[in-house]
Amino acid sequence: MALAIGPFASAQDRPLDQKLDKVTFSTNWLAEAEHGGFYQALADGTYAKYGLDVTILQGGPQTNNRLLLAAGKIEFNLAANLIQSFDAAAQNIPIVAVASMFQKDPFILMSHPGSGFDHIEDLPKATAYIGKDAFVSVYQWLKTAYGFKDDKVQPYTFNAAPFIRDKDSIQQGYATSEPFEVAREGGFRPNVFLLADYGYDSYSTLIETRRDLIDKNPDLVQRFVDASIVGWMNYIYGDNAKANALIRRDNPDISADLLAYSVAKMRELGIVDSGDAQKLGVGAMTGPRIRSFFAKMAAAGLFKSDLAYADAYTLQFVGKGVGIDLRPRQ
């Protein structure tokens, strides 16, 4: 039940005996650094300071936590990109993106150095190891933007061995993980093409909720968004040891080395804190950028051009400068 009080704009002012609102937030994969800011807000008490008792529900290969959100079983969900948000609008599912924790989608393509695939224009000539989800989304855009072909695609099963063996191939991945694994398993550093730097301008790692929760309890949504933003700033720039301990508790198979690599790449590439987030704060989204991305996806055939894509998001809860004071001074 929602608390009948104003938002905890100054979280420290929350009465110590104030009952916390219980909410569940589901992720889209097993616990990893790409979820780090949420674990940080849980580990360091930020959620509690904002009046929230948060449970993080892991995703995974056999789960679809988004269905739980649509059914009203949980309050918040993590979406990988705007395509999922547009798809909800296309299906008249009242799920709305309220914040984007990543300004850049970390989706990448990798190639072998010195094999003639050193520029993105070279990549359509290579055998492409692409997963089924990426094939029906980002790969369709690659076809229209750079001339990639369906007949070059081989299934990617989250096993880098085929790519490592074949120097005339490319493979999908995430900037925060797959290059680390290829270097460890294959003994070489692959060329990495962050598609966000080549026109694929989707927001990523989006917080979603239901429209009825926005209408009935916008204060709860605002507090969850704000606390998550603070969590991300502290995870990227502060001491994230406790958050990483929680991540490894939920996902014991992830190594400390990979977590450290992922955080370093998020900083280096500006995955979390770049672009509009520099002025508006982490979590920021803008209408023109979303419009630009939708136009590209419509041109690639993913959606009808007359889709009411604006139903898929709201700017109500972001762009307020939350957490900017936590950014390290140059």
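Select helix H1 (residues 36–43) together with helix H10 (residues 218–237) in this predicted model, and look along one of the two: the helices pack at an angle of about 100 degrees, with their axes 7 Å apart. Since angles of 65 to 115 degrees count as roughly perpendicular, H1 and H10 are therefore roughly perpendicular to each other. To see the contact itself, show the side chains of Gly36, Gly37, Phe38, Gln40 and Ala41 in H1, which meet Ala227, Ser228, Gly231, Trp232, Asn234 and Tyr235 in H10. The residues of this contact divide into five nonpolar, six polar and no charged.

Keep H1 on display and replace H10 with helix H11 (residues 241–250), which packs with H1 at an angle of about 110 degrees, the axes being 8 Å apart. That makes H1 roughly perpendicular to H11. On the H1 side the residues to select are Gly36, Tyr39, Gln40, Leu42 and Ala43, and these meet Lys242, Ala243, Leu246, Ile247 and Asp250 in H11. Colour this contact by residue class, and its members divide into six nonpolar, two polar and two charged.

**The nonpolar cores**

Next, select Phe38, Met101, Phe224, Trp232, Tyr235 and Met266, which, of the 57 residues in the largest nonpolar core, touch the most other members. Which helix gives the most to this core? The answer is H10, with eleven residues. In soluble globular proteins, nonpolar side chains tend to be buried together.

Centre the view on Met266 and display its surroundings: leaving aside residues up to four places away in sequence, Met266 touches Ala33, Glu34, Phe102, Thr176, Trp232, Tyr235, Ile236, Ile271 and Val272. Apart from the largest core lies another core, of 38 residues, and its members include Ala89, Met285, Phe303 and Leu307.

**Gln222, a polar residue in H10**

Return to H10 and pick Gln222, which lies in this helix. Is Gln222 buried or exposed? Gln222 has a relative accessible area of 11%, and because buried means under 20%, Gln222 counts as buried. Two polar partners are worth displaying with distance labels: the side chain of Gln222 reaches the backbone oxygen of Phe317 at 3.1 Å, and the side chain also makes a polar contact with the side chain of Lys320, at 2.7 Å. With residues up to four places away in sequence set aside, Gln222 touches Gln316, Phe317 and Lys320.

**Asn65, in H3**

Move now to Asn65, which lies in helix H3 (residues 65–70) and is buried, with a relative accessible area of 9%. Show its contacts beyond four places in sequence, and the residues that appear are Ser26, Thr27, Leu57, Gln58, Gly59, Ile74 and Asn77. For one of these, the backbone is the part to inspect: the backbone oxygen of Gln58 lies 3.1 Å from a polar atom of the side chain of Asn65. A C-alpha to C-alpha distance drawn from Asn65 to Phe25 gives 9.3 Å, for two residues that are 40 residues apart in sequence.

**Helix H4 and its two ends**

Select helix H4 (residues 82–90) and highlight Leu82, Ile83, Ser85, Phe86, Ala88 and Ala89, which are buried. What do the buried residues of H4 pack against? Adding H3, strand E3 (76–81), strand E4 (95–102), strand E10 (204–210) and helix H14 (287–299) to the view shows the elements that they pack against. One of these buried residues, Ala89, is also among the members of the core of 38 residues.

At the N-terminal end of H4, zoom in on Asn81, which caps the helix: a side-chain oxygen of Asn81 lies 3.0 Å from the backbone nitrogen of Ile83. Just after H4, select Asn92, which takes a positive phi of about 60 degrees.

**Two further positive phi values**

Two more residues may be picked out by their backbone angles. In Phe158, phi is near 60 degrees, a positive value in a residue other than glycine; Phe158 sits in the loop between strand E7 (153–155) and helix H7 (161–165), and it is exposed, with a relative accessible area of 59%. In Thr205, phi is near 55 degrees, again positive in a residue other than glycine, but Thr205 lies in strand E10 and is buried, with a relative accessible area of 7%. The tour can close on strand E10, one of the elements against which the buried residues of H4 pack.

Methods. Residues numbered from 1 in each chain as written. Predicted model: local features only at pLDDT ≥ 70, side-chain atom pairs only at ≥ 80, totals over all residues. Heavy atoms only, no water. Axes fitted to C-alpha atoms, helices over the stretch in contact; angles between N-to-C directions. Helix = DSSP H or I, 4+ residues; strand = E, 2+ residues; numbered from the N terminus. Parallel < 35°, antiparallel > 145°, perpendicular 65-115°, else oblique. Contact = heavy atoms within 4.5 Å. Nonpolar A, V, L, I, M, F, W, Y, C, P; charged D, E, K, R; others polar. Core = buried A, V, L, I, M, F, W, Y, C linked by side-chain atoms within 4.5 Å. Buried < 20%, exposed > 50% of the residue type's maximum accessible area, 1.4 Å probe, protein only. Polar contact = N/O pair within 3.5 Å; in protein donor to acceptor, adjacent residues only side chain to side chain.
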